[in-house]
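The following exercises concern charged side-chain pairs and residue environments. Each task is followed by a solution in steps.

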Amino acid sequence: MRSSTLTLGAATGAALLAAAVLPANASASTPVREGSVSAAALLAKVTSCSQISNGKYRTDDETSATVPVCGKNGAVFWKADMDIDCDGQRTSKCSEDTDPWYQDDTAFHQSDGKPLRADSLPYVVVPSSSSIWNYGSAGIKGGGVVAVIYQNKVEYAVVGDTGPTKIIGEASYATAKALGIDPDPENGGTDSGVTYILFKNSKVSPIENHSAAVTLGDQLAQTFLRDN
């Protein structure tokens with residue numbers, strides 16, 4: 001909407017702006033690989049886990065705790081399911097009418113102070129800090145960049161919300177839709193096969209600028225491949 005969201009700001013500079021961008025014919029509903037780094041290249045770096053969490057997470061209330069948070073150079077990752085988060089701004093796709101668990105707020109907010117918009121902004125939910133794991137202490141912050149990988153597709157998202165302390169594996173309506181996952185908040189999602197790579201000490205500003213997340217994410221992904 002506002003012209004200022006089209007740039008990354010002086011701190012990131014022209015080098016990031018020169019990085020890969022979405023194809024001209026890409027749309028929000030077309031599953032595409034965002035940036036230049038393939039899903040296979042990223043997945044090859046996360047075949048083994050050096051567990052950094054003090055215990056493991058469940059993917060749902062009824063499942064056992066099987067998912068650790070793993071550490072890599074410059075990132076943390078986990079492999080889980082994807083539940084659909086529709087919290088934030090009330091829209092035709094995300095509201096009490098579509099989502100029985102709907103909440104009208106997100107942990108992190110847009111530059112104008114409003115909650116995030118789940119049906120248009122790809123974002124990921126991190127577990128709230130607990131004795132299992134503290135995301136902030138691991139260098140993960142609101143607006144941090146996440147590479148979300150599913151069935152050979154890569155989607156760059158931001159850390160946008162926090163969830164239960166014992167459950168992991170959740171992302172916004174827009175994230176699911178971009179990856180070809182059913183985004184319905186009540187019956188959609190997928191039970192397995194999703195890899196989340198969160199880049200440490202990264203931040204997109206403003207948080208709602210998805211194109212900035214793609215540009216920064218592509219650079220961070222290239223660095224991740226080089227350093228691991």
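A salt bridge is a side-chain nitrogen of Lys or Arg within 4 Å of a carboxyl oxygen of Asp or Glu. The structure shown is a predicted model.

**Exercise 1.** Apply the salt-bridge criterion to Arg-117 and Asp-119, and classify the accessibility of both residues.

*Solution.*
Step 1. The N to O distance between the side chains of Arg-117 and Asp-119 is 2.6 Å. The cut-off is 4 Å, and the pair forms a salt bridge.
Step 2. Arg-117 has 35% relative accessibility and counts as partly exposed.
Step 3. Asp-119 has a relative accessible area of 13%, so this residue is buried, the limit for that class being under 20%.

**Exercise 2.** State how many salt bridges the rule yields, and describe the pairs Glu-96 with Arg-90 and Arg-226 with Asp-227.

*Solution.*
Step 1. The count is 3 salt bridges.
Step 2. Glu-96 and Arg-90 are joined through their side chains at 2.8 Å, N to O. Glu-96 is partly exposed at 47%, and Arg-90 is likewise partly exposed at 48%.
Step 3. In the pair Arg-226 and Asp-227, the closest N and O atoms are 3.3 Å apart. Arg-226 is exposed, with 60% relative accessibility, whereas Asp-227 is partly exposed at 36%.
Step 4. As a general principle, side chains of opposite charge can pair when their charged atoms come close.

**Exercise 3.** Locate Thr-59, decide whether it is buried or exposed, and list its contacts beyond four places in sequence.

*Solution.*
Step 1. Thr-59 lies in the loop that runs between helix H2 (39–43) and strand E1 (70–72).
Step 2. The relative accessibility of Thr-59 is 14%, and the residue therefore counts as buried, since the class requires a value under 20%.
Step 3. With neighbours within four places in sequence set aside, Thr-59 contacts Val-67, Ala-80, Asp-81, Asp-83, Ile-167 and Ile-168.

**Exercise 4.** Carry out the corresponding analysis for Gly-142, and give its C-alpha separation from Thr-162.

*Solution.*
Step 1. The loop between strand E3 (123–127) and strand E4 (145–150) contains Gly-142.
Step 2. Gly-142 counts as buried, at 14% relative accessibility.
Step 3. Apart from neighbours within four places in sequence, the contacts of Gly-142 are Phe-108, Val-159, Lys-203 and Ile-207.
Step 4. Gly-142 and Thr-162 are separated by 20 residues in sequence, and their C-alpha atoms are 9.2 Å apart in space.

Terms used
Residues numbered from 1 in each chain as written. Predicted model: local features only at pLDDT ≥ 70, side-chain atom pairs only at ≥ 80, totals over all residues. Heavy atoms only, no water. Buried < 20%, exposed > 50% of the residue type's maximum accessible area, 1.4 Å probe, protein only. Helix = DSSP H or I, 4+ residues; strand = E, 2+ residues; numbered from the N terminus. Contact = heavy atoms within 4.5 Å.
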